[in-house]
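Work through the exercises below with the structure open. Each one sets a task about charged side chains and then solves it in steps.

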Amino acid sequence: MEEIPQLFGTSGIRGRLGEKINPELALKVGLAVGTVAGEGKIVVGHDPRTSSPMLSLAVKAGILQCGKDVLDLGMVPTPVVGYATQYLGAQAGVMITASHNPSPYNGIKLWNPNGMAYKQEQERVIERIIHHESFKRVSWDLIGKSKDINNFISIYVENLLDLVKIKPGLKVVVDCGSGAASYLSPLIIRKSGCEVLTLNSQPDGFFPGRDPEPSQKNLGELMRVVKATGADLGLAHDGDADRMVAVDDKGRMADFDKLLALVSAQRGGTVVTTVDASAAIDHSLKEVQGKVDRTKVGDVHVATRISQLKANFGGEPSGTWIHPEFCMCPDGILSGLRVIELVQENGPLSQLLDELPTYPTRRVTVNCQDEDKKSIMQEMEKKLPQLFSDIKDVNPIDGVRLTLNDDSWVLVRPSGTESFIRITLEGKNEKRAREIHEKSKKLLEGTIKSFEG
Ligand code: MG
């Protein structure tokens, strides 16, 4: 079979401007989307990066050239593109963003009519059309029309607020990192009834206040301001606000897994998460008679599984959460509102987090040749369960994950982008973590060696 260059990575097309991504490619993506989309309109939005309006124009030109109409949202967070695509019955959504990457980067992510991200098979189709330049262009009299729909934001705001029950009283500090949610997230949280203080909430593609990745290292100011102002909560987004992370009332960054566990229990029922998420979720859901389903790492896999199981909620520990009652596109603003509800109903976030068990954890990487990964993983799938006598569950959906009777677990999973295999685990206690770590690492190193020899 013919080798077609892969453009899409784990989260759309992504790269430095002028290297992997440029207006020429954006035009081709627009042409390809216009070629595959059914009769109707295509929603386009972009983040505040300096290169985003330029790339958006190129994408739009491609779509119009295929005779499809464009509904242009302008500068908006990713979840607004997902929601508008679904709400307006569009044939596709296109978001220009590099999410949490630094200023020189940009990217393109595609959305389905139901608000779910494009799956890998759909991305391969786009790549094939671009490679063969098999675009369906139309003649001059059939060119599409572009319409500015920035006023759609008011529908998004209204429908989002209709979903949540928040009483006035909480004080929340919101740090948008000068990303796409800069005006919108503080506005919505204020409208929900909270007192809002803002940090980095003017959109700016140079990200002058902090890096768009909402990591512990980048949120020092938010943590200090929450503490200094006696706020109940701090919320921060990544550059395109499909993600949200929280800071508790003591000014500590909330553990990603524990925060996901708390909101999962609040949603109840069946919750979907990824194979690398903590047993804290199982612990929290057990208390409300809920069920955890684990799928492949990546928000599109979580969304797919949610729709298969008709689950109530799902998310990755990174803070990418999907709320199917609203849309299948991860929504960091709604995630923030759900955390506000949690705090309002159940008390200070610091207390809720401290009440959850902390499981000793380990993450180890062992180098291995890319070409051996598949065979090594086949061996690991066979041999890993033989190491333990108390296995509750074996999940081979993404690497191999064993859950043991005491809820300790271990995951062996190859990196998709680098030459190593990673072991991730949690033990019920320190001794158990050490034991699982030593046994699994020895097995993995031995197996890799046998292939090298
Ligand atoms: Mg993002």
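## Salt bridges in a predicted model

A network of salt bridges links Asp 390, Asp 406, Arg 432, Glu 435 and Lys 439. The model is predicted, and a search of the whole structure gives 28 salt bridges.

**Exercise 1.** Find what the salt bridge between Asp 390 and Arg 432 ties together.

Solution.
- Step 1: the closest N and O atoms of Asp 390 and Arg 432 are 2.7 Å apart, and the cut-off for a salt bridge is 4 Å.
- Step 2: Asp 390 sits in the loop between helix H13 (373-383) and strand S16 (391-395), while Arg 432 belongs to helix H14 (residues 430-452), so the pair ties together parts that are 42 residues apart in sequence.
- Step 3: Arg 432 has 13% relative accessibility and counts as buried, the cut-off being under 20%.

**Exercise 2.** Place Arg 124 and Glu 127 in their helix, and decide whether Glu 127 is buried or exposed.

Solution.
- Step 1: Arg 124 and Glu 127 form a salt bridge, with 2.7 Å between the closest N and O atoms.
- Step 2: Arg 124 and Glu 127 lie 3 residues apart in helix H4 (residues 120-132), which means about one helical turn separates them.
- Step 3: Glu 127 has a relative accessible area of 3% and is buried, whereas Arg 124, at 25%, is partly exposed.

**Exercise 3.** Describe how Glu 341 and Arg 338 are placed in helix H11.

Solution.
- Step 1: the two side chains, of Glu 341 and Arg 338, meet in a salt bridge at 2.8 Å, N to O.
- Step 2: helix H11 covers residues 332-346, and Glu 341 and Arg 338 are 3 residues apart in it, about one helical turn.
- Step 3: both Glu 341 and Arg 338 are buried.

Technical notes
Residues numbered from 1 in each chain as written. Predicted model: local features only at pLDDT ≥ 70, side-chain atom pairs only at ≥ 80, totals over all residues. Heavy atoms only, no water. Helix = DSSP H or I, 4+ residues; strand = E, 2+ residues; numbered from the N terminus. Buried < 20%, exposed > 50% of the residue type's maximum accessible area, 1.4 Å probe, protein only.
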